[in-house]
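Biologist: Could you walk me through this one? I'd like to know how each label was earned.

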Amino acid sequence: MTEFLSTGAIHIMIALGYTGLFVLSAIESCGIPIPSEIILPFAGFLVASGQFGLWTAAAIATVGNFVGSVGLYYIGYSGGRWILERYGKYVLIHRRDIEVGEAWFKRHGVKAIFYGRVLPIVRTFISLPAGVAKMSFKKFSAYSILGAFPWNLALIYVGYKAGEHWDSFKPYFHIVDYVILALVVLFIIRHLMKKSHQGHG
């Protein structure tokens, strides 16, 4: 399914250009797992071929991320978390993924919005617990944009330098994602064990 979404995303960007990049970035940030490791390097390839501008593409992707994040933020803010729990499975959103994002936010608070933009799973769902926690919208907005822009620029630049071989880095991105995800899971387990010991103490 992820491969299918990735292929579809590329066709959308070819057909719609900057609009496609904006829409895909927004969709990814509102909870549907379209991998930015595919979208952004391909945008970099379009930069190399003269169809996109580097800074323009990074800015548009960041605005798209922000718009999608706001949607998920307000779902959490309005108490609509149950919608994703009940119907999210139809767009590959699982309760486990939401809980990972919530655990990361509870542990790191405001910093989670900034650093969470580069973590697999966490970057997709971190806006939801921010809304649930009624985090200041101004603060949420600022950290979302500041966290997303460097990530977008870096991946677009990688695709730009790779040119027509933009997808040759895909296996490495997956390895990095798995490593980071494993570290996040280990961190959460450690945190839960620590709380459990404190409770028994």
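Modeller: Let's start with Ser 25. This is a predicted model, and Ser 25 has a relative accessible area of 2% in it.

Biologist: Why is Ser 25 called buried or exposed on that value?

Modeller: Buried means under 20% relative accessible area. Ser 25 comes out at 2%, so Ser 25 is buried. The residue is found in helix α2, and leaving aside neighbours within four places in sequence, Ser 25 is in contact with Ala 61, Gly 64 and Asn 65.

Biologist: And what makes Gly 147 buried?

Modeller: The cut-off is under 20%, and Gly 147 has 6% relative accessibility, so Gly 147 counts as buried. Its place is in helix α10.

Biologist: Which residues does Gly 147 touch, not counting those up to four places away in sequence?

Modeller: Gly 147 touches Phe 114 and Arg 117. With Arg 117, the C-alpha to C-alpha distance is 5.6 Å, although the two are 30 residues apart in sequence.

Biologist: Arg 117 turns up in the cavity lining too, right? What makes that space a cavity rather than a pocket?

Modeller: A cavity is where a 1.4 Å probe fits but cannot get out, whereas a pocket is open. By this rule, the count is one cavity of 30 Å³ or more. About 90 Å³ of space lies in the largest cavity.

Biologist: Which residues line the largest cavity?

Modeller: The lining is made by Glu 28, Ser 29, Ser 36, Asn 65, Arg 117, Arg 123, Ala 148, Trp 151 and Asn 152. Helices α2 (18–29) and α10 (137–162) each supply at least two of the lining residues, with α10 giving the most, three residues.

Biologist: How does the lining of the largest cavity divide into nonpolar, polar and charged residues?

Modeller: There are two nonpolar, four polar and three charged residues in the lining. Ala and Trp count as nonpolar, Glu and Arg as charged.

Biologist: Now the rings. How many aromatic pairs does the structure hold?

Modeller: Twelve aromatic pairs.

Biologist: Why is the pair of Tyr 74 and Phe 137 called tilted?

Modeller: Rings pair if their centres lie within 6.5 Å, and planes under 30 degrees apart count as stacked, over 60 as edge-to-face and the rest as tilted. Tyr 74 and Phe 137 have centres 5.8 Å apart and planes at 35 degrees, so the pair is tilted. Tyr 74 lies in helix α4 and Phe 137 in helix α10, so the pair ties together parts that are 63 residues apart in sequence.

Biologist: What class of exposure do these two get?

Modeller: Partly exposed lies between the 20% and 50% cut-offs. Tyr 74 has 40%, so Tyr 74 is partly exposed. Phe 137, at 32%, also counts as partly exposed.

Biologist: And how do you class the pair of Tyr 157 and Tyr 160?

Modeller: That one is tilted as well, with 5.9 Å centre to centre and 45 degrees between the planes. Both tyrosines lie in helix α10, three residues apart, about one turn of the helix. Tyr 157 has 39% relative accessibility and therefore counts as partly exposed, and Tyr 160 is partly exposed at 35%.

Biologist: Which residues form the aromatic cluster?

Modeller: Phe 66, Tyr 73, Tyr 74, Tyr 77, Phe 137 and Phe 140 form one.

Biologist: What makes a group of residues a nonpolar core here?

Modeller: Its members are buried nonpolar residues joined through side-chain atoms within 4.5 Å. The largest nonpolar core has 22 residues, of which Met 13, Leu 21, Ile 39, Leu 40, Phe 52 and Ile 156 touch the most other members. Helices α1 (2–16), α2, α3 (36–48), α4 (54–77) and α10 each supply at least two residues of this core. Its largest share, seven residues, comes from α3. Apart from it lies another core, of nine residues, among them Val 70, Tyr 73, Ala 112 and Ala 130.

Biologist: And what does Ile 39 touch, not counting residues up to four places away in sequence?

Modeller: Ile 39 touches Ala 9, Met 13, Leu 21, Leu 24 and Ile 34.

Biologist: How many helices and strands does the protein come to?

Modeller: Eleven helices and zero strands. Buried residues make up 44% of its 201 residues.

Methods:
Residues are numbered from 1 along each chain as its sequence is written. This is a predicted model: local features need pLDDT of at least 70, side-chain atom pairs count only at pLDDT 80 or more; totals for chains, interfaces and linings use all residues. Side-chain values use heavy atoms; hydrogens and water are left out. On a 1 Å grid over the protein atoms alone, a cavity is a set of points where a 1.4 Å probe fits but cannot get out, and a pocket is an open set with protein on both sides within 12 Å along at least five of seven lines; lining residues have an atom within 4 Å of a point. Grid points are joined across faces, edges and corners, and a volume is the space filled by probe spheres set on the points. Helices (H or I, at least four residues) and strands (E, at least two) are DSSP runs, numbered from the N terminus. Buried means under 20% relative accessible area, exposed over 50%, partly exposed in between (1.4 Å probe, protein chains only). Contact means heavy atoms within 4.5 Å. Rings of Phe, Tyr and Trp (its six-membered ring) pair if their centres lie within 6.5 Å; planes under 30 degrees apart count as stacked, over 60 as edge-to-face and the rest as tilted.
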